Amino acid sequence: MKSELSKIKEQAIEDFKEVVDLEKLEQLRVKYLGKKGELTGVLRGMGKLTAEERPVIGQLANEIRAQLEETIESRKSELAHIARQAKLEAETIDVTLPGKPVATGKRHPLTQVLDEIKEIFLGMGFTIEEGPEIESDYYNFEALNLPKEHPARDMQDSFYITNEVLLRTHTSPVQVRTFESNFPQVPLRIIAPGKVYRRDDDATHSPMFHQVEGFVVDKEVTFGDLRGTLLTFAKEMFGEDREIRLRPSYFPFTEPSAEVDISCVNCDGQGCRVCSNTGWLEILGAGMIHPKVLANTGYDPEKVTGFAFGMGVERIAMLKYGINDLRMLFENDIRFLDQF
Ligand code: DAH
């Protein structure tokens with residue numbers, strides 16, 4: 001029995017040394033030292049021993065059990081150490097690897113374009129005014145030479161709140177408000193950016209969109225000043241090579257009135273799909289401020305004159321970046337917005 005016990009001991013120690021993972025080690029512990037294990041199995045034969053032999057074998061068995069348990073414990077910590085070492089090695093940080101990019105936010109393309117427009121006009125000595133988005137019929141239409149029955153009101157299909165109050169359809173009412181609050185001061189060089197609202201909704205129209213109104217009032221302001229100002233704007237916004245073209249048009253609050261085109265940003269005026277083969281792209285409406293508008297607010301149209309213009313910010317952004325569906329600007333799709 002003694003030799004059986006020491007054989008088990010030697011075999012067990014050998015097995016423990018060979019094992020390389022903690023799970024298998026536990027299985028071996030059960031195999032040798034468990035209730036149904038080999039050591040216990042041998043000790044079952046103790047009944048056949050003499051009374052003198054029994055305590056000797058018992059003690060030997062206890063010693064072997066203690067020894068094996070100790071071996072298991074030390075093998076366990078050895079394996080744990082090896083496992084930890086392997087994990088550390090696998091996790092080694094390579095300081096030469098490029099870092100993970102930090103996602104930074106940015107301004108919405110419309111905000112970028114709006115900021116650019118502001119910057120260009122601030123550079124020419126303009127200052128910024130704002131007006132309310134909920135506007136009275138008087139400021140939105142009447143004072144701009146658009147009386148109630150005027151057919152040109154149809155050009156701006158409106159959201160009315162009451163008969164006399166509506167969501168402003170353009171930024172032109174800021175002209176009237178500025179004239180009223182500054183009279184009789186000149187010169188006035190103002191831009192008025194902001195949201196406007198119309199009952200329109202398709203690929204090039206949104207019920208809410210942005211305009212920038214601009215106007216200058218002084219002694220002897222001419223149509224030439226208007227052209228020079230807009231040419232400077234076109235070149236700074238769309239590149240040094242841009243030309244502008246003024247076509248006769250009609251707005252009730254300007255006389256004469258013009259639609260202003262820039263030479264096509266895509267083909268440089270040669271004619272292409274973007275400009276419908278005309279070589280030109282319409283960017284804004286403009287004109288000399290109608291004498292009635294000035295007179296409505298106290299200014300004497302015999303003594304001061306002014307020019308005005310109004311542009312759509314979405315349209316400018318679409319032309320500048322080649323966006324062909326305006327609605328993308330309002331869908332908040334990061335994959336789209338991230339490109340600007
Ligand atoms: N308010 C006009 C519109 O929304 C745009 C406009 C045209 C503004 C001519 C002006 C101007 O100041 O002179 O359609």
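**Entry 1. The ligand site**

I started with the ligand. In this predicted model, 16 residues surround the ligand. The closest are H170, S172, R198, Q211 and E213.

I then looked up individual distances. A polar side-chain atom of E213 sits 2.6 Å from a ligand oxygen. R198 also faces an oxygen atom of the ligand, with a side-chain N or O atom at 2.7 Å. For S172 the partner is a nitrogen atom of the ligand, and the distance is 2.9 Å. How much of the ligand does the protein bury? I found 93% of the 360 Å² that the ligand exposes when taken alone.

**Entry 2. The largest nonpolar core**

Next I looked up the nonpolar cores. The largest has 44 residues. I noted I117, F233, F309 and M311 as the residues with the most contacts inside this core.

Which elements give two or more residues to this core? I listed the helices: helix 5 (109-123), helix 8 (223-238), helix 10 (313-321) and helix 11 (334-337). The strands are strand 5 (208-218), strand 7 (254-263), strand 8 (280-289) and strand 9 (305-312). Helix 8 gives the largest share, 7 residues.

I followed M311 as an example. Setting aside neighbours within four places in sequence, M311 contacts I117, F121, H210, Q211, V212, F233, I283, L284 and I316. Q211 is a name I had already written down, as one of the closest residues to the ligand.

There is also a second, separate core of 21 residues. Among its members are F141, L144, L146 and I190.

**Entry 3. Helix 4**

I moved on to helix 4, residues 53-90. Helix 4 has 38 residues. From first C-alpha to last it reaches 55 Å, close to the 56 Å expected at 1.5 Å a residue.

Which residues of helix 4 are buried? I wrote down I57, G58, A61, I64, L68, T71, I72, R75 and L79. The buried residues pack against helix 1 (2-18), helix 2 (22-33) and helix 3 (38-43).

E78 is also in helix 4. Its relative accessible area is 42%, so E78 is partly exposed. I used E78 for one long distance. Its C-alpha atom is 75 Å from that of V196, and the two residues are 118 apart along the chain.

**Entry 4. Two buried aspartates**

I checked two aspartates that are buried. The cut-off for buried is under 20% relative accessible area.

D15 lies in helix 1. Its relative accessible area is 15%, so D15 counts as buried. Which side chain does the side chain of D15 join in a polar contact? The partner is Y32, at 2.5 Å. Not counting residues up to four places away in sequence, D15 touches L28, K31 and Y32.

D137 lies in helix 6, residues 137-140. D137 counts as buried because its relative accessibility is 1%. The side chain of D137 makes a polar contact of 3.1 Å with the side chain of Y160. With the sequence neighbours up to four places away left out, I listed E142, K148, R153, Y160, N163, E164 and L166 as the residues D137 touches.

**Entry 5. Backbone details**

I looked for cis peptide bonds. One runs from V186 to P187, with omega near -5°. P187 is in the loop between helix 7 (173-182) and strand 4 (188-197). Another cis bond joins E255 and P256, with omega about -5°. P256 is in strand 7, one of the elements that give two or more residues to the largest core.

I also looked for positive phi values outside glycine. Where is D268, which has phi near 60°? D268 is in the loop between strand 7 and strand 8. It is partly exposed, because its relative accessible area is 44%.

N332 has a positive phi of about 60° and is not a glycine. I placed N332 in the loop between helix 10 and helix 11. Its relative accessibility is 56%, and exposed means over 50%, so N332 counts as exposed.

How values were computed
Residues are numbered from 1 along each chain as its sequence is written. This is a predicted model: local features need pLDDT of at least 70, side-chain atom pairs count only at pLDDT 80 or more; totals for chains, interfaces and linings use all residues. Side-chain values use heavy atoms; hydrogens and water are left out. A nonpolar core is a set of buried Ala, Val, Leu, Ile, Met, Phe, Trp, Tyr and Cys residues joined through side-chain atoms within 4.5 Å. Buried means under 20% relative accessible area, exposed over 50%, partly exposed in between (1.4 Å probe, protein chains only). Helices (H or I, at least four residues) and strands (E, at least two) are DSSP runs, numbered from the N terminus. Contact means heavy atoms within 4.5 Å. A residue is near a molecule or strand if one of its heavy atoms lies within 4 Å of it. A polar contact is a pair of N or O atoms within 3.5 Å; within protein, one must be able to donate a hydrogen and the other to accept it, and residues adjacent in sequence count only if both atoms are side-chain atoms. Accessible areas come from the Shrake-Rupley method with a 1.4 Å probe; for residues, only the protein chains shown count as cover. The expected span of a helix is 1.5 Å times one less than its number of residues.
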